[in-house]
Amino acid sequence: MFQRLIRFLDANGDTLYGNITELDDLKKIEGLSVSVLAGSIEKGFTSTNKRSVATKLLPPLPHIPIFICIGLNYRHHAKEANLSIPPYPVIFTKPSDALAGPSDEIPIHPEAQSMLDYEGELGVVIGRDALNVSEANALDYVLGYTCANDISARHFQLPDTSGGQYCFAKSFNKFGPIGPCIVSPKLIPDPQNLTLATRVNGATRQSTSTSDMIWTVKQIISHASKGTTVRAGTVIMTGTPAGVGLFCKPQAFMKSGDEVEVDIDAVGVLRNKILFN
């Protein structure tokens, strides 16, 4: 198995998997020599005696079935949005083509540029098919944890400007960057005790503990799998905390050239530049 799984290009341009076992600073992985793993997400991984330099980080998953996303899942975010806490986790989805890597540039379609927002989140990677999972057993289905950014074109999300096309607003290509690694649940026994921060051009916009979640990771997995098979490789975005650009005063949407970082203390930093087409 792995401790911190990365997928990367080496100096020859070959795609490899690596395992980071000891690293004081998870903020800088590119350029490091890492232990190479053999295998795949589907078949599992074994150690090798090889090491290689990670010249460019790729999405830690080569592909995913779908993103399952949770809306309004932090108490302080619900307060800033002036919305009531719902009786169940609010679920929407992003397609597989929304996947992007931890250092990718994110191209923005012209019609998604006017109210472009960030949403730093804890990502949960499902390790095996899950159906009708109990809360007590939910974490047994977790392959690992990662940083995620639920990039959102608010113009299409808001009812007044588009009729409320919630999924479409968040489903553009590369609107779901994850990384830099997938951290084994053995290193994160309690996903409700993590510190998350989102920065835009170095300025902190979101800062929270995952203890502020309304619905825990266990509850989300259990609810999402009720009568619905959550396939292995699915990434669950567990919701964003307070501080999104929509509710800043004044509003603070992203612009071309902005660098957005999602930093989770036990995982590392997801870092993407926004580029308007």
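Of the 277 residues in the protein chain, 53% are buried. The model is predicted. Its chain holds five helices and 19 strands. The C-alpha atoms fill a box of roughly 55 × 45 × 30 Å along the principal axes. The radius of gyration is 18 Å, which agrees with the value near 19 Å that a compact globule of 277 residues would have. Contacts tell us about the path of the chain. Among those with a separation of 6 or more, 71% join residues 24 or more positions apart.

Start with the largest pocket. Its space comes to about 340 Å³. The lining has 20 residues, and the closest to the centre are Leu72, His77, Leu83, Gln157 and Tyr166. Four elements each supply at least two lining residues: strands β6 (67-71) and β7 (90-94), and helices α1 (75-81) and α2 (154-157). By class, twelve of the lining residues are nonpolar, four are polar and four are charged.

Leu72 deserves a second look. Leucine 72 sits in the loop between β6 and α1. Its phi is positive, about 50°, although the residue is not a glycine. Most residues other than glycine have a negative phi. Is leucine 72 buried or exposed? Its relative accessible area is 16%, under the 20% limit, so leucine 72 counts as buried.

Asparagine 73 belongs to that loop between β6 and α1 as well. Its relative accessible area is 0%, so asparagine 73 is buried. Which residues does asparagine 73 touch, beyond those up to four places away in sequence? They are Asp212, Met213, Ile214, Trp215, Ile220, Thr238 and Gly239. The C-alpha atoms of asparagine 73 and threonine 210 are 9.8 Å apart, with their positions 137 residues apart in sequence.

Ile220, one of those contacts of asparagine 73, leads to helix α5. This helix spans residues 217-224, and its buried residues are Val217, Ile220, Ile221, Ser222 and Ala224. An α-helix has 3.6 residues a turn, so residues three or four places apart point the same way. What covers the buried residues of α5? The cover includes β6, β7, β11 (120-126), β12 (142-149) and β17 (235-237). Strands β6 and β7 also contribute to the lining of the largest pocket.

Now go to the other end of α1. Asparagine 82 lies in the loop between α1 and β7. Asparagine 82 has a positive phi too, near 55°, and is not a glycine. Its surroundings are another matter. With a relative accessible area of 70%, above the 50% limit, asparagine 82 counts as exposed. Leucine 72, by contrast, is buried.

Asparagine 19 is found in strand β2 (residues 15-19). A relative accessible area of 10% makes asparagine 19 buried. Where does its side chain reach the backbone? One polar contact goes to the backbone nitrogen of glutamine 3, at 2.9 Å. Another goes to the backbone nitrogen of arginine 4, at 3.2 Å. Leaving out residues up to four places away in sequence, asparagine 19 touches Phe2, Gln3, Arg4, Val34, Ser35 and Leu37.

Proline 62 occupies the loop between β5 (56-58) and β6. At 37% relative accessibility, proline 62 is partly exposed. Beyond its neighbours within four places in sequence, proline 62 is in contact with Arg7, Tyr17, Ile41 and Leu99. Leucine 99 is 37 residues from proline 62 along the chain, and their C-alpha atoms are separated by 8.9 Å.

Two other prolines involve the backbone. Most peptide bonds are trans. The bond that joins glycine 179 and proline 180 is cis, with omega about 5°. Proline 180 lies within strand β14 (residues 176-183). A cis peptide bond also joins lysine 249 and proline 250, where omega is about 0°. Proline 250 is in a loop, the one between β17 and β18 (259-264). Strand β17 has appeared already, as part of what covers the buried residues of α5.

Terms used: Residues numbered from 1 in each chain as written. Predicted model: local features only at pLDDT ≥ 70, side-chain atom pairs only at ≥ 80, totals over all residues. Heavy atoms only, no water. 1 Å grid on protein atoms, 1.4 Å probe; cavity = no way out; pocket = protein on both sides within 12 Å on 5 of 7 lines; lining within 4 Å. Points joined across faces, edges and corners; volume = space filled by probe spheres on them. Nonpolar A, V, L, I, M, F, W, Y, C, P; charged D, E, K, R; others polar. Buried < 20%, exposed > 50% of the residue type's maximum accessible area, 1.4 Å probe, protein only. Polar contact = N/O pair within 3.5 Å; in protein donor to acceptor, adjacent residues only side chain to side chain. Contact = heavy atoms within 4.5 Å. Rg over C-alpha atoms; globule rule 2.2 N^0.38 Å.
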